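Student: I am new to this structure and would like to understand one part of it thoroughly. Please choose a single part, take a close look at it, and explain it step by step.

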Amino acid sequence: LAELIGAIPAARPLGAVFHCAAAFDNSLIESLDAGLMRGVFAPKADAAWHLHELTRDLDLTHFVLFSSIAGTFNNPGQGNYAAANAFLDALARRRREEGLPALSLGWGGWERSGGMLATLDEGDLARLGRAGISPLADHEGLELLDRCLVLGPPHLLPVALDRGALRAAARAGTLAPLFSGIVKAPPSAPTGAFAEQLTTAPEGRRQTLALELVRSHVAAVLGHASAGSVDPDRPFKDLGFDSLATLELRNRLGAASGLQLPTSVVFDHPTPAALADFLLSLLVGTGAAAEPDIEGEVKRLEATLAAAGSEHRRKYQGRLQDLLLAVAAET
């Protein structure tokens with residue numbers, strides 16, 4: 001960059017900088033490592049800082065950083081990308097405090113072919129749509145760029161919002177808190193209302209209700225038209241779930257049930273039926289006089305182990321062996 005900037009003729013000096021680097025390598029926070037961080041930070045944060053240092057003494061009219069809405073809303077599975085873009089937003093504020101031109105634009109997606117949205121699969125695009133983010137057409141994006149260049153704040157979000165999707169998220173209890181002032185639709189039921197519905201239902205109806213809840217949210221996450229298309233005994237990984245989909249399902253079920261569910265709940269209960277049984281046990285329990293469902297628990301454990309990778313099976317091998325020894329000793 002120093003060589004490039006130094007090669008600009010003095011008679012035609014550099015007047016503006018637009019830093020448009022786009023790079024992401026999505027992964028959940030637990031899976032991030034130094035390589036995943038470097039791959040995103042190098043073109044985004046490092047390059048922006050170099051441009052800042054190399055041009056701070058030049059008479060620029062604009063210093064524009066193409067950031068992302070992820071830096072503000074911290075999209076699930078984009079911890080490294082969100083952090084890199086948050087750095088750009090902070091850099092713009094710092095330059096303004098130093099009296100230098102700066103603008104960080106937290107874009108949503110553009111619908112043009114070959115853009116960053118082209119690297120996303122159908123599940124990712126559906127997830128963005130449910131979050132209320134619509135892709136921008138070229139003319140919309142360019143119009144927003146022109147408007148942002150003449151506005152005052154150092155950090156703006158030129159994003160197209162789908163108010164219908166935002167209202168649907170509000171009704172489901174999954175609306176991002178930063179959107180709460182944009183839509184007025186309250187959740188259709190208060191958080192945890194399903195727990196009350198379940199406890200007041202006849203005992204013979206409870207398992208059906210729990211399974212209907214899980215299947216309906218699985219269908220929503222996968223973009224299916226109805227819960228009827230979700231096979232209750234098919235493993236989530238075969239249904240098309242990835243790590244981000246499991247996280248979204250966990251959040252949805254947590255909002256519906258009022259439970260603080262662990263991030264691994266979908267991996268620990270790998271079919272809709274198994275997950276429904278688990279929620280039922282947490283919300284209602286079996287009762288003091290109820291006969292423990294040992295057969296069902298063993299089958300669910302078998303299904304979980306079959307769906308888990310060899311690394312997870314080795315992790316719990318010792319505990320399972322200890323359990324078998326304890327059972328054998330008591331008999």
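Tutor: A residue counts as buried when its relative accessible area is under 20%, and as exposed when that area is over 50%; anything in between is partly exposed. The structure shown is a predicted model. With the cut-off in hand, consider alanine 245 as a starting example. Its relative accessible area is 3%, and it is therefore buried. This residue belongs to helix 11, which covers residues 243-257. Apart from neighbours within four places in sequence, alanine 245 makes contact with Arg127 and Val221. The C-alpha atom of alanine 245 is 8.9 Å from that of valine 218, although 27 residues separate the two along the chain.

Glutamate 248 lies in helix 11 as well. At a relative accessibility of 14%, glutamate 248 also counts as buried because of the same cut-off. If residues up to four places away in sequence are not counted, glutamate 248 touches Arg127, Arg130 and Val221. Arg127 and Val221 thus appear among the contacts of both alanine 245 and glutamate 248.

A brief view of the whole chain gives the setting. The secondary structure comprises 15 helices and six strands. Of the 331 residues in the chain, 36% are buried. Among contacts with a separation of 6 or more, 68% join residues that are 24 or more positions apart.

The part chosen for the close look is the sheet. It is an open sheet of four strands in the order 1-2-3-5, and the pairing is parallel. Strand 1 (16-19) and strand 5 (155-156) are at the edges; each has a single partner strand, so one side of each has no neighbour in the sheet.

Begin at the edge formed by strand 1. Four bridges connect strand 1 with strand 2, and the two run parallel. Within this pairing, phenylalanine 18 has valine 64 of strand 2 as its bridge partner. The path from strand 1 to strand 2 involves helix 2 (residues 34-55), and together the three elements make a right-handed β-α-β unit. In a regular strand, side chains alternate between the two faces of the sheet. In strand 1, Val17 and His19 make up the covered face, whereas Ala16 and Phe18 make up the uncovered one.

Next comes the pairing of strand 2 (residues 62-68) with strand 3 (residues 103-107), which is parallel and has five bridges. Two positions illustrate the pairing: leucine 65 stands opposite serine 104 of strand 3, and serine 68 has tryptophan 107 of strand 3 as its bridge partner. Helix 4 (residues 79-97) packs on this sheet and touches strand 1, strand 2, strand 3 and strand 5, with its direction at about 155 degrees to that of strand 2. Helix 6 (residues 138-149) likewise packs on the sheet and touches strand 1, strand 2, strand 3 and strand 5; the angle between its direction and that of strand 3 is about 150 degrees.

What, then, is the state of strand 3? It is mostly covered, with five of its five residues buried. Leu103, Leu105 and Trp107 point one way, while Ser104 and Gly106 point the other way, and all are buried. From strand 3 the sheet continues to strand 5, to which two bridges join it in parallel. Serine 104 takes part here too, as its bridge partner in strand 5 is histidine 155.

The last element of the picture is the aromatic residues. Tryptophan 107 has a relative accessibility of 6% and therefore counts as buried. Five aromatic pairs are found in a search of the whole structure. In the pair of tryptophan 107 and tryptophan 110, the ring centres are 5.3 Å apart and the planes stand at 70 degrees, so the pair is edge-to-face. Tryptophan 110 has a relative accessible area of 21% and is therefore partly exposed. These two residues and Phe66 form one aromatic cluster. Another ring, that of phenylalanine 63, has the charged end of arginine 95 over it, at 3.8 Å from the ring centre.

Terms used. Residues are numbered from 1 along each chain as its sequence is written. This is a predicted model: local features need pLDDT of at least 70, side-chain atom pairs count only at pLDDT 80 or more; totals for chains, interfaces and linings use all residues. Side-chain values use heavy atoms; hydrogens and water are left out. Buried means under 20% relative accessible area, exposed over 50%, partly exposed in between (1.4 Å probe, protein chains only). Contact means heavy atoms within 4.5 Å. Two strands pair if DSSP finds at least two bridges between them. Axes are lines fitted to C-alpha atoms, for helices over the stretch in contact, and angles run from 0 to 180 degrees between N-to-C directions. Rings of Phe, Tyr and Trp (its six-membered ring) pair if their centres lie within 6.5 Å; planes under 30 degrees apart count as stacked, over 60 as edge-to-face and the rest as tilted. A charge sits over a ring if NZ of Lys or CZ of Arg is within 6 Å of the ring centre and within 35 degrees of the ring normal. A crossover is right-handed if, with the strands pointing away from the viewer, the path from the first strand over the helix to the second runs clockwise.
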